[in-house]
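Reader: Before we discuss individual labels, could you show me the sequence and the model, and then explain how each term is justified?

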Amino acid sequence: MSKEIYLTGDRPTGKLHIGHYIGSLKNRVRMQDSGEYSPFVMIADTQAFTDNARNPEKIRQSLTEVALDYLAVGIDPAKTTIFVQSQIKGLFELTEYFMNLVSVARLQRNPTVKSEISQKGFNEGIPAGFLTYPVSQAADIAIFRATKVPVGDDQEPMLEQARELVRSFNNAYQSDVLVEPVGVFPPKGQGRLPGIDGNAKMSKSLGNGIYISDDTDTMAKKVKSMYTDPLHINITDPGHVEGNVVFTYLDIFDPDKKRVQDLKDHYTAGGLGDMKLKKHLIDVMDAEMAPIRERREKYAQDIPAVLNMLKEGSIRANIVAEATMKDVRHAMGIDYFG
Ligand code: TRP
């Protein structure tokens, strides 16, 4: 029995932050280490061009940063095929064929794409490649015949479209060469880490992120500036836990749940200061992030080795993709010359 395949990836548009770590990377490592899967992790540079077409230098630099983030959190190239999207030429081909199986109206309905469009405010109009990136993402998943896609909650609409495209393809060409994927989402309550300012989304453009590569001092400074409870002015004032970012983070990072509950009770009753609470958060976060950061620094000392790892992963990924494309071309009847 061959193992179930999972595939996922990230756009290289900057370093990854702890929101990525909590919302997606941890899940991947857990699945990788379970030994139940054959994992593929892709640096989605082609997709990064859909909204950064005029910024190739950013994509090029971010490619190594993202690879370092992967290695640091424990994505292991001995277990996971880590590869680069643009190097898999079959993806462009499958995307082109998928493009004919989706309507423009359907593309315009994707809620994640819609909110990204309004957030990005494309001044020169929406790039066609951006509106259609869910099609290319469907090809990413389908070409590896991935059944599982570990991603953040915001990616559900992409999976929906991927399933539709797989069904349309198999239907149109009376085949069963492609398989329908399902999303694997983070455990409830751990899906999305808010920014340090309390915004529901941590993002580079909002400047509210803590990065996997941040050193202890940088991280501590960010935690100290975290949004807490604006009504908690004096230490003796009763404080609010709801909507208090420090507690949201403690729920996620502090393994001692009883201790968190005691802190919540103390804070609610009054008498627990924000600084004391934040110092505790810095300690528990550092306990988790310090080993990751150290591994990252070690890998960063040999960038050629990191690039070589990506190259070898891409060669392996390409073999799998080409096998699917052979079946795709056959199903479509375009293997004219044998
Ligand atoms: N859209 C994903 C992101 O925003 C990146 C991505 C590209 C992806 N292709 C994928 C994720 C295929 C899962 C599967 O980071």
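Author: A good place to begin is the aromatic cluster formed by F40, F83 and F144. This is a predicted model, in which local features need pLDDT of at least 70 and side-chain atom pairs count only at pLDDT 80 or more, while totals for chains, interfaces and linings use all residues. Residues are numbered from 1 along each chain as its sequence is written, and side-chain values use heavy atoms, with hydrogens and water left out.

Reader: What makes the pair Y6 and Y37 edge-to-face?

Author: Rings of Phe, Tyr and Trp (its six-membered ring) pair if their centres lie within 6.5 Å, and planes under 30 degrees apart count as stacked, over 60 as edge-to-face and the rest as tilted. The ring centres of Y6 and Y37 are 5.6 Å apart and the planes stand at 70 degrees, so this pair is edge-to-face. The two tyrosines belong to distant parts of the chain, Y6 in strand β1 (residues 4-10) and Y37 in strand β2, 31 residues apart; helices (H or I, at least four residues) and strands (E, at least two) are DSSP runs, numbered from the N terminus. F130 and Y133 also form an edge-to-face pair, with 5.2 Å from centre to centre and 65 degrees between the planes. The whole structure holds 11 aromatic pairs.

Reader: Why is Y37 called buried?

Author: Buried means under 20% relative accessible area, exposed over 50%, and partly exposed in between (1.4 Å probe, protein chains only). Y37 has a relative accessible area of 15%, so the residue counts as buried. Y6, at 0%, is buried too, as are F130 at 0% and Y133 at 1%.

Reader: What sits over the ring of Y133?

Author: The charged end of R11 sits over the ring of Y133, 4.6 Å from the ring centre; the term requires NZ of Lys or CZ of Arg to be within 6 Å of the ring centre and within 35 degrees of the ring normal. The charged end of K298 is likewise placed over the ring of Y299, at 5.2 Å from its centre.

Reader: Which side chains of strand β3 point one way, and which the other?

Author: In strand β3 (residues 81-84), T81 and F83 point one way, I82 and V84 point the other way, and all are buried. In a regular strand the side chains alternate between the two faces of the sheet.

Reader: How do you know that β2 and β3 pair?

Author: Two strands pair if DSSP finds at least two bridges between them. Here 4 bridges join strand β2 (residues 37-43) to β3, so the requirement is met, and the two strands run parallel. V41 stands opposite I82 in β3.

Reader: What makes K26 and E288 a salt bridge?

Author: A salt bridge is a side-chain nitrogen of Lys or Arg within 4 Å of a carboxyl oxygen of Asp or Glu. The closest N and O atoms of K26 and E288 are 2.9 Å apart, so the pair qualifies. K26 lies in helix α1 (residues 18-34) and E288 in helix α13 (residues 274-300), so the salt bridge ties together parts that are 262 residues apart in sequence. K26 is partly exposed at 25% relative accessibility, and E288 is partly exposed at 21%.

Reader: Which other salt bridges does the search of the whole structure include?

Author: The search finds 21 salt bridges, among them K79 with D33 at 3.0 Å, N to O. K79 lies in the loop between α3 and β3, and D33 in helix α1, 46 residues apart. Another joins E180 and R167 at 2.9 Å, N to O. Salt bridges that share partners also join E65, D69 and R296 into one network.

Reader: What is meant by a nonpolar core, and how many residues has the largest one?

Author: A nonpolar core is a set of buried Ala, Val, Leu, Ile, Met, Phe, Trp, Tyr and Cys residues joined through side-chain atoms within 4.5 Å. The largest has 49 residues, and Y249 and F253 have the most contacts inside this core. Helix α3 (residues 56-73) gives the most to this core, with 8 residues. Contact means heavy atoms within 4.5 Å, and F253 touches residues including I18, I22, L193 and E288, not counting residues up to four places away in sequence. A second, separate core of 41 residues includes L91, V149, M158 and A162.
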